[in-house]
Amino acid sequence: MCRLEKTPMCARAPSDQPRRRHVLLACIVCCICYAPAQARGDTITGALEKVYTTNPEIGEQRANVRVHDEEVSKAYSNARPKASISATGGPQRTLIRAPAGIDQFSSRQYQSDKYSGKPLNATFAFQLPVLDGGKTSASLGQAESGVLASRAVLRDAEQQALLKGATAYMNVLRDAAVVRLKKNNIGVLREQLRVTMDRFDFGEVTRTDVAQAEAALAQSQADLAAAFGALENSASVYHQTVGEEPKLLQPARSLEALLPESRDDAIAVALAAHPSIVAAVHQIDAGESAVKIAESAILPTASVGAQVIQQFDSYFGYPKTRQFGAQVFGQLNVPLYQGGGEYSAIRQAKEQLGQARIHADVVKNSVRAAVIQGFSQFTTAKAAVSFNMKAVKAAEVALRGVRDEAAFGQRTTLDVLNAQQALLTARVNLVTAQRDRVVGSYAALAAIGRLSYATLDLDVMPYDPSAHLEQIQHKWLGVSVPGEQQNEAQSITDRLFP
């Protein structure tokens, strides 16, 4: 099986780059277009499985979900007790001059003292919030809404990555087929030039006919070079999206069987469950919780706590003095006026909530427009396939007729060349329409929010975003990320055994 291998740039001679590039791309064309029927190769399903598993854009959004998961754990921490230990200590030199009464002459007397000590103070404090104006519950609601919104964004990122993968796959197939058609066309035009030159030698045609055939061949060679460039670009995008070079790609089918029967049904499905709309709705919920959080700043708060204090050399650093204290207390805070900033924060949160609601309407309109556009492109491409198939058959019949008529002198060489070009154009249009039909079906399915690993029946290990949240939301202690040790071990293994 022919594969596209990378060669270091320093090992390539500048003059050999275009030739080597065309050789490598020709290898792709051979693998895709001339593969034996019994040979097994990459399918669009296999490519999308690689996208779902290894695509960095999906990985980035999965990490984003895990970041939002920590907001839930932080919200829970607001209701947990706080404990701390503080200690101070160090040498201290004390000089004291204190009143010592009045002498017999009514003059004030003083006594002096000086001493050195090492005062040490240790305090253990414990505090448990009892009332926080609803801030904890509101923070928890905001965090959970943010998590659900990030999961919806992840689902949208997954389907966009799958759509990119399908598009890249079909682009390589299309461009490889176009290269094959244009290579075959060069062979046909070379034969046409040979026939024209033979007829010129016999005086049946003029030098003009020969020049027309030569011009057509040169133009076809230029078109082939452009087709190679397009294939190279498609192959690079495929590698970027799928993670490997394209090789032995198999034809793909459209997903029209998975689409709703009508455009109206598709719009209804999209407005009900499209990930972008779901994310926008959860952002509204988060905005409502943000208003409650801001309002908690003007509500009373209460807590209970305890404090234990142990001091040595505590009396002005006097040696061998000792003091011990313990206290249990309750604290109530009723805010009266704090400068007005808290009221501004409440108004700001309400405006942000209104903005989130407007954004949800914008997203709904965008999704609706995307569904209409996607279905329109798909139905157009589907019709184009049927019409272009008829165009190819008609162009084949026309070319045979023009060639026969040219053999009897009823048609010119230019007529034959034009008919050949018309056939090539019809075939390229058919290949493009077939690509557009498949990609359009994926785009339409993505527009309604149903392009997922489950819908495509991909053989992958599904990513469960709830597993990480279950691991960390009630975690009281620890700084290690779940799976961090395994990732570090895997990283070391990869470095040792690349």
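Visitor: How much area does the protein chain expose, and what share do carbon and sulfur atoms supply?
Guide: This is a predicted model, where local features need pLDDT of at least 70, side-chain atom pairs count only at pLDDT 80 or more, and totals for chains, interfaces and linings use all residues. Residues are numbered from 1 along each chain as its sequence is written, and side-chain values use heavy atoms, without hydrogens and water. Areas follow the Shrake-Rupley method with a 1.4 Å probe. The protein chain exposes about 29,100 Å², and carbon and sulfur atoms supply 55% of it.

Visitor: Is Ala 47 buried or exposed?
Guide: Ala 47 is found in helix H2 (residues 44-54). Buried means under 20% relative accessible area, and exposed over 50%. Ala 47 has a relative accessible area of 1%, so Ala 47 is buried.

Visitor: Which residues is Ala 47 in contact with, leaving aside its neighbours within four places in sequence?
Guide: Contact means heavy atoms within 4.5 Å. With those neighbours left aside, the partners of Ala 47 are Tyr 169, Tyr 238 and Val 242.

Visitor: How do helices H4 and H7 pack, roughly parallel or roughly antiparallel?
Guide: H4 (residues 135-201) and H7 (residues 275-295) have axes 8 Å apart, at an angle of about 165 degrees. Angles under 35 degrees count as roughly parallel, over 145 as roughly antiparallel. H4 is therefore, relative to H7, roughly antiparallel.

Visitor: How many helices and strands are there in the protein chain?
Guide: Both are DSSP runs: helices (H or I) of at least four residues, strands (E) of at least two. The protein chain has 11 helices and 6 strands.

Notes:
Axes are lines fitted to C-alpha atoms, for helices over the stretch in contact, and angles run from 0 to 180 degrees between N-to-C directions. Angles under 35 degrees count as roughly parallel, over 145 as roughly antiparallel, 65 to 115 as roughly perpendicular and the rest as oblique. Buried means under 20% relative accessible area, exposed over 50%, partly exposed in between (1.4 Å probe, protein chains only).
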